[in-house]
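Please open the structure in a viewer and keep the selection tool at hand. The tour below proceeds by selections, with a short account of what each one shows.

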Amino acid sequence: MSSIQSTAAWKQLNGALHSAVDRDQEIELLPVLKAIWPGLTRPRGMKVYDRAGCDLIEQEVDDYIKTVIQCKGFYASEGLEKSQIDQILKSISAFERSSFTCKEFVLVHNRDGRNRDARKVIQNALDRLIAAGKAQKVIQWDRTQCLKAIESRLREMLSERLKEQAAGYLAELDSLFETGADYVSSLPVRSGRLLLKRNAPPRVVHEGPSDEDAVNLVERLGKAKPHQWSLLVGLFGAGKTSCALHAAKERPHEVVYVPAANLEPRQGEQGTNVLMSRITEALHIFDDYDEDEKATFQRLSGPVLRGILSADETGMTLIIDALDENRTLHSPEEITRFASVLAELRCRVVLTTREEHFRATFGNYEHLFEELSWKGGGLRDIALHELRPWTNSQITELVANALARKSSSQSLRSLHAAVEAGATEGWPPDLLAHPFFLQMIIDLVAEGAGPSRNKAELLYQWSWTKLKRDLRAARATCVPVTDRDVYIGAMEELMMRVASEMVDRSDGGYRLREAIGSGRILEIASELFSTRCTDLAAAISVTLLSPVTIKYRGAVPVRFTHRAFQEFFLAKSLARSGNEIGRYPITVRSLASEIAGCEGTMI
């Protein structure tokens, strides 16, 4: 791979710094240096700072200056000339004579570092600031050193924030359930390999003596060879996301986890660097910065992330979860183009998607990666893992884990004894064998609830129980709560309205949108309670909605914590309105039919 500094985004920044003179240098440097010093400001109109050579400053809470940056932009084709050195020394001397002190004094100029004698002279002047007690630390950067420092900090930020995001997704999944989102290590998996050979069609070969071996899939994914691709396929709620997140949890410094839903390149965009920038955007890595700074960091961090994932001996794994929820990946051609871009990386790649969507849209594995068999990119085969419905062994283990947490629950003890003996306690067998719904069943049983008849009734019973639990723990609500059931009913209405708006019309029907703006959430809450709601945390504290990131400033996209809840509340809205449902996703249509068959008790 070419140097990160040679990519378009970094060349553009390099060119801007190279040509910016005088005050323009401060303007160009301010947003990018905020990656290193987030509180950096330009004290315009304050001559006392200007006379002291303080072009950019970062202050602490008590107004003490933490960082001072002098920005020097000169016209020149080579290293620093004598007149330019004199200007730098004059500015350093101005700060030395001023009344200001700081922890860190940074001198940045926009020429290269070829004049080593000049560097020594400037460094001597900077060292005098320390000797005089004006600064505790001094730094001298030419343009190249400045760019490298920004790149290094972006690399650190990506590592830190990607880890935080993956941990946040897992914590959110765990917090959904009263008994916790336990993970069963040995899963029923049908494994195989998709063999790729140049000028030949791909071929699927299944492995092992059995088509459904119980394996530790997280461990298997973690031990994959460098540059190995794995495709994880399963029915809705079969545990794909849970498996992917636990793989990220076990190797937090080696895994980049990203939901696929927002990885949608804009019109005309293409290439690996663009996809990497879309990943940082999809994960909202920089949402706590202002819009202009955020856009800059996303653009610059794409090549940085690509560098991390393309290093010769990289131990990184890129997990892209739920391809089926990406609206642009709706055809074999788009999936193939997407995979071809990923093929330029050298890290392990794990892709997950729903089995029903995958088979309905693409037909077979061969067609999906048809182009990769001749395009190359170092791939020779792709590991296939099909998550199968749980057997009695996994069901019993998960119930046993919950019982260990709630050992006093007689209803859980009864369920454990029943499933251990192969019985169901009245719950539909297909729901018990479904990991996501089994977690809900365990929660309800622990509360003493009786069996649900179908998925819609289970979602209804569980969501009501969850909202009651959330209301007990809520730190803030939209209005004071005088009637619990009325308030929860209003929150259900809010989610129905939100779900009905998170829909886009397309040629093939209606597609679910990944998120909705927090401003619209507050508008709906204000309408429901006839009062102005301005606190997002209060508006969604008793819902199944969540901000897309833990770090944000101002407005933020909001999503349902699981696609199943979005589908359920959309289905409730459709069942109540009586609108035609034929063009909605099959999961929504199925839930709407089950809701309609319950004689209005859910709506």
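Select Cys533 to begin: in this predicted model, Cys533 is buried, at 8% relative accessibility. Now add Cys478, which holds the closest cysteine sulfur to that of Cys533. Why is there no bond between Cys533 and Cys478? The two sulfur atoms are 4.0 Å apart, which is too far for a bond, because a disulfide requires cysteine sulfur atoms within 2.5 Å.

Next, select Cys146, which is also buried, with a relative accessible area of 1%. The closest cysteine sulfur to that of Cys146 belongs to Cys71, at 8.5 Å, again too far for a bond. The structure as a whole holds zero disulfides.

Cys146 leads to the sheet and its helices. Select residues 56-59 and 135-141, the strands β1 and β4. They are the edge strands of the sheet, each pairing on one side only. The sheet is open and has four strands in the order β1-β2-β3-β4, with mixed pairing. From one strand to the next, the twist averages 10°.

Within the sheet, display β3, residues 102-109, together with β4: the two pair in the parallel sense over six bridges. Which residue of β4 stands opposite Glu104? The residue is Lys137.

Now add helix α6, residues 143-175, which packs on the sheet and touches β3 and β4. The direction of α6 makes about 110° with that of β4. Then show helix α2, residues 23-33, which lies across β1, β2 (65-72), β3 and β4. Relative to β2, helix α2 runs at about 135°.

From α2, step back to Asp22, in the loop between α1 (8-19) and α2. Asp22 is exposed, at 57% relative accessibility. Its phi is positive, about 55°, although Asp22 is not a glycine. Most residues other than glycine have a negative phi.

Ser530 may be inspected for a similar reason. Ser530 has a positive phi of about 50° and is not a glycine. Where does Ser530 lie? Its place is in the loop between α21 (518-529) and α22 (536-540). With 70% relative accessibility, Ser530 counts as exposed.

Move next to Asp287, in the loop between α9 (272-282) and α10 (291-310). Is Asp287 buried or exposed? Asp287 is buried, with a relative accessible area of 7%. Display its side chain with that of His284: a polar contact of 2.8 Å joins them. The side chain of Asp287 also makes a polar contact with the side chain of Lys294, at 3.5 Å. To view the surroundings, select the residues in contact with Asp287, leaving aside neighbours within four places in sequence: Lys294, Thr549, Lys551, Tyr552, Arg553 and Pro557.

The last stop is helix α20, residues 484-501. It has 18 residues and reaches 26 Å from its first C-alpha to its last, close to the 26 Å expected at 1.5 Å a residue. At the N-terminal end of α20, select Asp483, which acts as a cap: a side-chain oxygen of Asp483 lies 3.1 Å from the backbone nitrogen of Asp485. Finally, colour the buried residues of α20, among them Tyr487, Ile488, Met491, Glu492, Leu494, Met495 and Val498.

How values were computed. Residues are numbered from 1 along each chain as its sequence is written. This is a predicted model: local features need pLDDT of at least 70, side-chain atom pairs count only at pLDDT 80 or more; totals for chains, interfaces and linings use all residues. Side-chain values use heavy atoms; hydrogens and water are left out. Two strands pair if DSSP finds at least two bridges between them. Axes are lines fitted to C-alpha atoms, for helices over the stretch in contact, and angles run from 0 to 180 degrees between N-to-C directions. Contact means heavy atoms within 4.5 Å. The expected span of a helix is 1.5 Å times one less than its number of residues. Buried means under 20% relative accessible area, exposed over 50%, partly exposed in between (1.4 Å probe, protein chains only). A polar contact is a pair of N or O atoms within 3.5 Å; within protein, one must be able to donate a hydrogen and the other to accept it, and residues adjacent in sequence count only if both atoms are side-chain atoms.
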